[in-house]
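Here's a quick walk through a few spots worth pulling up in your viewer. Have the model open and follow along.

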Amino acid sequence: MNLSIVGSGYVGTTVAACFADYGHEVTNVDIDEEVVAAINAAEAPIHEPGLEELVTEHGGDRLRATTDYAATRETDVTFLALPTPTGDDGRIDLEILEAGVRSLGDALASKDDPHLVVVKSTVVPGTTEETVAPILADASGKTLGEDLHVAMNPEFLREGSAVADFRDPDKVVFGTRTEFARERLREVFAPLLDQSDAELVETGIREAEMMKYANNAFLASKVSLVNELGNICKEYDVDAYEVAEAIGLDDRIGERFLRSGVGWGGSCFPKDVSALVAAARDADYEPALLEAAVEVNEKQPDRLLDLLDVHLDPDGKRVAVLGLAFKPGTDDVRNSRAIPVIEGLRERGADVAAYDPVATENMRERFPDVEYASSAEAALDGAQGAVVVTDWDEFAALDSAFDAMANPVVVDGRRVVERRDGITYEGLTW
């Protein structure tokens, strides 16, 4: 089929490249000319494992990009993968999505055949039917349910493993109201469903919208709960990881997302939990458990810095920050736990030496005057202390590099460094 994807961020680019790999003809539409040029030159515009190979193979051929919405008229289905950031009040900001929908509607006005528009952006229940659909109908002049159809297909892609998640999902969700939309989506996803064990969930549009929020809210709460348990374990000199390993054997709990540490970040968990809290309040419901999950998460960077304070007065001292991306495998620093850690260190007067394998340039935009080392070893050289914020594999292999520190105090927020003689080691929750 001929597909168009509006938006070329982490989700849009990954989805487009994977669909092209399944044999579809795919056109990315994006306002960023540099991103468009990169895709057409078969270059991945973002760092994501496995994505570069797909874009190299299909970019400029089965996968193309343009800034012109008119290209959507030549496609059968359009996916909207535009950002829906949250404001200071937690509510999602639909400005970018609405502008994209309006441009899409204008482009589809002169198309004769029926068209399906699928919202892949994360939006609160009711947005697709109450905001997206009316704008599309008004701009295109088409009739909903006849020559214009809308659907919701939430994404469950994790940065750092997005390609693998797309190819081998645990579920694929279709939120629809018409048989036309359901049949089109089945046709689009047929190659994936034929090659995976994914469960196909066919439901209503509002239910599909809510499933993404429920999924991420549950996982974020699970992380905050295990961090709270880990904090208690720390107070009683109990190894939180041994406790987590044991409770993970209970099939009602499961072993995943039980690694206590410095907390969750990125583009999904913080935004989605905040949006769900705001939506609940708008409905006059106080989501106490979700609020508590956010509160625990926000305290974890402070706990890491408090442990450093026990062993070192950072004022005027060189402190290495190892890991800037919010998780390994990505260069995304949005809501990275490294941000409050660096801010806290600077408030304490520390000279920060930061290192990350791929996220340095993105963090440099946030903290341009921080020293960015070319390697972990260079960051540690002469440092009076070090904090581990992201669990990159290479940090687990450092070992002797800590001997080059002026004062080998290591506060490990991800349990990747081996505790040994010669290092003053503190785990965040163990």
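## H1 against H3

This is a predicted model, and we'll start with a pair of helices. Helix H1 (residues 10-21) packs on helix H3 (residues 51-58) at an angle of about 55 degrees, and their axes are 9 Å apart. That angle is why H1 counts as oblique to H3: it falls outside the 65 to 115 degrees used for roughly perpendicular, and it isn't under 35 degrees, the cut-off for roughly parallel. As for handedness, H1 and H3 cross in a left-handed way.

Who does the touching? On the H1 side it's Thr 13, Thr 14, Ala 17, Cys 18, Ala 20 and Asp 21. H3 answers with Leu 51, Leu 54, Val 55, Glu 57 and His 58. Sort the residues of this H1–H3 contact by type and you get six nonpolar, three polar and two charged.

## H11 against H12

Now scroll along to helix H11 (residues 288-311) and helix H12 (residues 338-347). Their axes come within 9 Å and cross at roughly 40 degrees, so H11 is oblique to H12. Here the crossing of H11 and H12 is right-handed.

To see the contact, show Pro 301, Leu 304, Leu 305 and Leu 308 in H11, which meet Pro 340, Val 341, Gly 344 and Leu 345 in H12. What kinds of residues make up the contact of H11 with H12? There are seven nonpolar and one polar, with no charged residues in the set. The polar one is Gly 344, because Gly is counted as polar in this scheme.

## A look at Ile 247

Next stop is Ile 247, which sits in helix H9 (residues 240-247). Is Ile 247 buried or exposed? Neither, quite: its relative accessible area is 28%, so Ile 247 ends up partly exposed. Buried would need a value under 20%, and exposed one over 50%.

Leaving aside residues up to four places away in sequence, Ile 247 touches Ile 253 and Leu 258. If you want a distance to check in the viewer, try Ile 247 to Thr 360: the two are 113 residues apart along the chain, and their C-alpha atoms are separated by 37 Å.

## The annotated C-terminal domain

Finally, the record. An unreviewed UniProt entry places the feature "domain: UDP-glucose/GDP-mannose dehydrogenase C-terminal" at residues 320-419. In the model, the chain over residues 320-419 is 26% helix and 18% strand. The end C-alpha atoms of that stretch are 17 Å apart.

Terms used: Residues are numbered from 1 along each chain as its sequence is written. This is a predicted model: local features need pLDDT of at least 70, side-chain atom pairs count only at pLDDT 80 or more; totals for chains, interfaces and linings use all residues. Side-chain values use heavy atoms; hydrogens and water are left out. UniProt positions are given in the numbering used here, feature names are shortened, and annotations may be inferred rather than shown by experiment. Helices (H or I, at least four residues) and strands (E, at least two) are DSSP runs, numbered from the N terminus. Axes are lines fitted to C-alpha atoms, for helices over the stretch in contact, and angles run from 0 to 180 degrees between N-to-C directions. Angles under 35 degrees count as roughly parallel, over 145 as roughly antiparallel, 65 to 115 as roughly perpendicular and the rest as oblique. A crossing is left-handed if the near helix is turned anticlockwise from the far one by less than a right angle, and right-handed if clockwise. Contact means heavy atoms within 4.5 Å. Buried means under 20% relative accessible area, exposed over 50%, partly exposed in between (1.4 Å probe, protein chains only).
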